[in-house]
Amino acid sequence: MDRKKKMGAVIHPKTEQPAAPICAICGKPITANCTVDHVIPQAIYKWHESYLDKAEFSALRRRLTSARNTVRTHRRCNERKEESIVGIDGLHVSRRKRAKLRETYRAVEPYVQAFLEKKEQLAAQQQSRCFLCRAELRDGGVLRRIDDQLDRTWDNACLICHRCNARRVKSGDVKTYQAQRRAAAAKAAAKAAAAARPAAQTAAKSPAAGVPNPPSAASRRRRPRHRRRNHTKNP
Ligand SMILES: [Zn+2]
Ligand SMILES: [Zn+2]
């Protein structure tokens, strides 16, 4: 929170974008809902923490959290892109800003590549479906921990869709989430059945009353099981 606030204050002169702010992603003027976007996703340093020594990790974090790695964007454009890597060449920024972004990118490129490779592997493992709702993943999905109590390691990673991400479904609560979905589906089915019942009830009730209990006859026939067990004993 504190860091965000500080960055927001620092960003204005340092983003090096024209005085009338233009969204770096879509190039249109920003009149409301301006956000500071990290061009190279922050997720990259977070998902490297378990695999780097302290010095290397803090160097990577410093680069990715730096104002050099930020641009101003519409909130909507920022959210839509999530952690996908936007090409630096396609951004609406000054030439100087672009040079600085490229410099940052070159310094962290191996980490970016490793991150993208892992995401691709995960997508293949999940058959390009959301870990939570099984919907098809578009533009790679959003990386999350399976268990939020554990560190960010690739054994504890999954991809979820933007819809689940927007709903703030916790990856750690997969079972709860799935139970909720099942309950909602059962409720909807019960409601549909209740709506159909009045007509079905009157039609089904009268002929059913005349039928002599068929289940008891079936259960009597099932008895010979006893004998079968003796047969298997021989070999
Ligand atoms: Zn925009
Ligand atoms: Zn989903």
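Modeller: For this predicted model, a residue is called buried when 20 or more other C-beta atoms lie within 10 Å of its own, exposed at 12 or fewer, and partly exposed in between.

Colleague: Fine. Where does Ser-128 lie, then?

Modeller: Ser-128 sits in the loop that runs between helix 5 and strand 3.

Colleague: And why is Ser-128 classed as partly exposed?

Modeller: Because Ser-128 has 14 other C-beta atoms within 10 Å, and partly exposed is the class between 12 or fewer and 20 or more.

Colleague: What is the phi of Ser-128?

Modeller: Near 55°, which is positive, and Ser-128 is not a glycine. Most residues other than glycine have a negative phi.

Colleague: Which residue just after helix 5 has a positive phi?

Modeller: Gln-127, with a phi of about 50°. Arg-134, another non-glycine residue, also has a positive phi, near 70°. Arg-134 is in the loop between helix 5 and strand 3. It is partly exposed, because its count is 13 other C-beta atoms within 10 Å.

Colleague: On to helix 5 itself. Where is the kink?

Modeller: At Val-108, shortly before the proline Pro-110. The kink is about 65°, and helix 5 covers residues 95–125.

Colleague: Which residues of helix 5 are buried?

Modeller: Lys-97, Leu-101, Tyr-111, Phe-115 and Lys-119.

Colleague: Two lysines in there, noted. What covers the buried residues of helix 5?

Modeller: The cover includes helix 2 (43–46), helix 3 (54–65) and strand 3 (142–145).

Colleague: Between helix 2 and helix 3, what is Leu-52 in?

Modeller: A loop; Leu-52 is found in the one joining those two helices.

Colleague: What is Leu-52 in contact with, leaving aside neighbours within four places in sequence?

Modeller: Phe-57 and Leu-60. Leu-52 is nonetheless partly exposed, because 15 other C-beta atoms lie within 10 Å of its own.

Colleague: Change of topic, the strands. In which sense do strand 1 and strand 2 pair?

Modeller: Antiparallel, over five bridges. Strand 1 takes in residues 34–38, and strand 2 takes in residues 70–74.

Colleague: What stands opposite Val-36?

Modeller: Arg-72, in strand 2.

Colleague: How many residues of strand 2 are buried?

Modeller: Five of its five, so that strand is described as mostly covered, given that buried requires 20 or more other C-beta atoms within 10 Å. Arg-72, the partner of Val-36, belongs to that strand.

Note on methods. Residues are numbered from 1 along each chain as its sequence is written. Chains are lettered from A and ligands numbered from 1 in the order in which they are written. This is a predicted model: local features need pLDDT of at least 70, side-chain atom pairs count only at pLDDT 80 or more; totals for chains, interfaces and linings use all residues. The bend at a residue is the angle between axes fitted to the seven residues ending there and the seven starting there. Helices (H or I, at least four residues) and strands (E, at least two) are DSSP runs, numbered from the N terminus. Two residues are in contact if their C-beta atoms, placed from the backbone, lie within 7 Å. Two strands pair if DSSP finds at least two bridges between them.
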